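Subject: Structure for you to look over

Dear colleague,

I am passing on the structure that I have been reading, and I would be glad if you kept it open beside this message. My notes follow it.

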Amino acid sequence: MPSDRGLLSDYFERVAVKRLSAVEASTTTSNQHEFNGVRELRLLFGDARLTRIPTTFIWLGEEQEALTEAGWMTWYDARENHPTRSEYRLYFPTTPVSEMASAGDAIFFARRTDGSVMVIITPAESTMQNQLLWLFNVEGQPGFSFEVQDIDADSSAQLDFAARYILDELGIEPEEPEADRLDAMLERFGARFPTTLAFSQFARDTLPDVSALDDPDAVLMAWIEREEMLFRRLERHIVDARLRAGFVADDEADVDGFLAFSLSVQNRRKSRAGKSLENHIETLLGARGIRFVRGGETENRNRPDFLFPGVAEYQNASYPADRLTMLGVKSTCKDRWRQVLSEAARIDSKHLLTLEPGISENQTSEMQAKALQLVLPRRLHDTYREAQRGWLMEVGDFIELVRVRQTAS
């Protein structure tokens, strides 16, 4: 992995995590959100008084449920005038984020390199909790006492795809190293967004040493990461130009125009991510001579992302159902994975390929119960718990499964 992709220690210095007790979670009994200044918090904040520390409070629930609030915290010694005793406290006022907290939720106090703090609350056993524990290299599940993890340059993981994915969920956009390719993109596309198909092809073209016939798990990740970096670089250029032009209509601030533009940026990111993943999978399959239809219609106008070997075979009642395969593709699962279950009634066991790291055990257990097999590039398997990894399928294994079924037919 190139070193210019940055380290987690570029953004964070130290993190403390614990489960919230009932007293800590309740706004009516928690003394306005004061935490005892235990030894672990002193490791995080030190011994000096810190007044109104800039703080971002974040609630990250299941699915796409998220809430962010800017605020502050104060770290102080309630007995600072006592000659021999100290009694440290961490105080922060009630916010809409703290009001979302429940007993058993995980709370992360993450100290940023600029001195600010992120306070992140997630439901217990949730996908987001798993992702944060993996990001900050915290072993096991949090208990009711704080656990502190240092994030230094020597031990800090480089920001691979999974780490950047999670940082994006936190509203942190790492620097993109592909600045030298902006001129090539502008020459090819101008200062506008090309079609997703054209951009996916461009990303693959910038990796001439990566062959579609190489290890499919490594190839897919290389293509996805390159396209993501290139897209963010082009996006930054286009958005910068639009912001410099300003949002003014009839000599007044065009608030509606700004909001519409902001929404379009977010929607483009989401829709492009899913389509680009499909584009690269299509290229991998085509290079190997795998027969498939992308977006072919099944029952009730359903259109699975990939149907193997094709619609004609699927609609032929005499064609063996055990030789049919369906692959759903979702760059992020959230709760949308259930949509895949109804997309091909003839196929009992379905497959879903995703790039989402660290999906919760509750979710993967439900997938197994509903005969849905999760497929991920091999490098993302490490973001899952050990108990889950034996069940996960690699991209190469899925392609081999389809190849064997088609050879048998």
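**A loop, two sheets and some helices**

R301 is found in the loop between strand 11 and strand 12. Please keep in mind, here and below, that this is a predicted model. R301 has a positive phi of about 60°, although this residue is not a glycine, and with a relative accessibility of 72% R301 counts as exposed. N300 has its place in the loop between strand 11 and strand 12 as well, and there N300, again not a glycine, has a positive phi of about 50°. With a relative accessibility of 73%, N300 too counts as exposed. As background, most residues other than glycine have a negative phi, and most peptide bonds are trans. The second half of that remark bears on the bond from F308 to P309, which is cis, with omega near -5°; P309 lies in the loop between strand 12 and helix 9 (311-315).

**The sheet around that loop**

Strands 11 and 12 belong to an open sheet of 5 strands, in the order 11-12-13-14-15 and with mixed pairing. Which strands stand at its edges? They are strand 11 (293-294) and strand 15 (372-375), and each has a single partner strand, so one side of each is left without a neighbour in the sheet. Further in, strand 13 (residues 325-330) and strand 14 (residues 350-354) run parallel and are joined by 4 bridges, and the bridge partner of G328 in strand 14 is L352. Helix 12 (residues 395-408) lies across strand 12 (306-308), strand 13, strand 14 and strand 15, and runs at about 155° to strand 13.

A residue of helix 8 (residues 255-287), E278, has contacts that lead back towards this part of the chain. Leaving aside its neighbours within four places in sequence, E278 is in contact with R294, D305, F306 and V329. Is E278 buried or exposed? Its relative accessible area is 7%, which is under the 20% that sets the limit for a buried residue, so E278 counts as buried.

**The sheet of 8 strands**

There is also an open sheet of 8 strands, in the order 2-5-4-3-7-6-1-8, and its pairing is mixed. Its edge strands are strand 2 (34-36) and strand 8 (147-150), each of which pairs on one side only, while the twist from one strand to the next averages 25°. At the strand 8 edge, strand 1 (residues 12-19) pairs with strand 8 in the antiparallel sense over 4 bridges, and V15 stands opposite Q149 in strand 8.

Strand 7 (residues 117-122) deserves a slower look. 6 of its 6 residues are buried, so strand 7 is largely enclosed by the rest of the structure. Both of its faces are covered, with V117, V119 and I121 buried on one side and M118, I120 and T122 buried on the other. Strand 3 (residues 50-60) runs parallel to strand 7 and is joined to it by 5 bridges, with V119 as the bridge partner of F57. Strand 6 (residues 106-112), by contrast, runs antiparallel to strand 7, to which 6 bridges join it, and I107 stands opposite I121. Strands 6 and 7 form a hairpin with 4 residues between them, and G115 in the turn has a positive phi of about 95°.

**Helix 6 and its two partners**

Two packed helices are described by the angle between their axes and the distance between the axes. Helix 6 (residues 196-205) packs against helix 7 (residues 216-245) at an angle of about 115°, with the axes 9 Å apart, and the two helices are therefore roughly perpendicular to each other. Helix 6 passes helix 7 in a right-handed crossing. In this contact T196, F199, S200, F202, A203 and R204 of helix 6 meet W223, R226, E227, L230, F231 and L234 of helix 7, and by class the contact has 7 nonpolar, 2 polar and 3 charged residues.

Helix 6 also packs against helix 8, at an angle of about 60° and with the axes 9 Å apart, so these two helices are oblique to each other. Their crossing is right-handed. Here T196, L197, S200 and R204 of helix 6 meet R272, K275, S276, N279, H280 and T283 of helix 8, and this contact has 1 nonpolar, 6 polar and 3 charged residues.

With best wishes

Note on methods: Residues numbered from 1 in each chain as written. Predicted model: local features only at pLDDT ≥ 70, side-chain atom pairs only at ≥ 80, totals over all residues. Heavy atoms only, no water. Pairing = 2+ DSSP bridges. Axes fitted to C-alpha atoms, helices over the stretch in contact; angles between N-to-C directions. Parallel < 35°, antiparallel > 145°, perpendicular 65-115°, else oblique. Left-handed = near helix turned anticlockwise from the far one by under 90°. Contact = heavy atoms within 4.5 Å. Nonpolar A, V, L, I, M, F, W, Y, C, P; charged D, E, K, R; others polar. Buried < 20%, exposed > 50% of the residue type's maximum accessible area, 1.4 Å probe, protein only.
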